[in-house]
Amino acid sequence: MPANLQASILNDLKSLLTPASLEQDRAVYVRCSRDWWSQTLWWDERQIQEHMPQIVARPANAQETARLLDWANQRGIAVVPRGGGSGVSGSAIPSSRESIVIETTRL
């Protein structure tokens with residue numbers, strides 16, 4: 001999880017999700033800022049990370065997903081759904097650092 005994540009946001013998320021649903025591995029954050037679009041491969045090569053999400057959540061079930069989506073909606077935070085990251089059009093790339101990626105691989 002990025003170091004600049006506000007304590008209040010982190011506390012909210014800890015109350016909404018199980019610990020396993022909050023990703024903390026930096027390599028996962030980098031992976032979730034990309035797909036297989038050729039532009040993102042270029043970003044990797046040059047270590048450009050401007051599309052790094054604020055949060056990567058891996059909800060375990062529909063209830064966690066619903067709680068997270070409701071929480072983000074109330075705060076006006078963009079949510080980017082991500083499956084396996086195999087897209088080639090850039091549609092799973094966060095538009096800003098203030099976004100949340102919901103990785104669906106645990107669902």
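Residues are termed buried when their relative accessible area is under 20%. By this criterion, buried residues account for 39% of the 107 residues in the chain. The model analysed here is predicted.

The secondary structure of the chain consists of 4 helices and 3 strands, arranged along the sequence in the pattern α-α-α-β-α-β-β. The radius of gyration is 13 Å, close to the 13 Å given by the globule rule for 107 residues, so the chain is as compact as a globular protein of that length. Along the principal axes, the C-alpha atoms occupy a box of roughly 40 × 30 × 25 Å. Of the contacts with a separation of 6 or more, 66% are made by residues 24 or more positions apart.

Strand β3 (residues 100–103) pairs with both other strands. Strand β1 (residues 55–57) runs parallel to β3 and is joined to it by 3 bridges, while strand β2 (residues 79–82) pairs with β3 in the parallel sense over 4 bridges. I100 of β3 takes part in both pairings: I100 is the bridge partner of I55 and stands opposite V79. The side chains of β3 alternate in direction, with I100 and I102 pointing one way and V101 and E103 the other, and all four residues are buried.

At the surface, the chain exposes about 6,000 Å², of which carbon and sulfur atoms supply 51%. A nonpolar surface patch is formed by W36, L41 and V88, which together contribute about 330 Å² of accessible area. Within this patch, L41 belongs to helix α3 (residues 38–46). L41 is classed as partly exposed because its relative accessible area is 37%, a value between the 20% and 50% cut-offs.

Technical notes:
Residues numbered from 1 in each chain as written. Predicted model: local features only at pLDDT ≥ 70, side-chain atom pairs only at ≥ 80, totals over all residues. Heavy atoms only, no water. Patch = residues over 30% accessible without salt bridge, like charges linked within 9 Å, V, L, I, M, F, W, Y side chains within 5 Å. Areas by Shrake-Rupley, 256 points an atom, 1.4 Å probe, with all protein chains shown as cover. Salt bridge = Lys/Arg side-chain N within 4 Å of Asp/Glu carboxyl O. Helix = DSSP H or I, 4+ residues; strand = E, 2+ residues; numbered from the N terminus. Buried < 20%, exposed > 50% of the residue type's maximum accessible area, 1.4 Å probe, protein only. Pairing = 2+ DSSP bridges. Rg over C-alpha atoms; globule rule 2.2 N^0.38 Å. Contact = heavy atoms within 4.5 Å.
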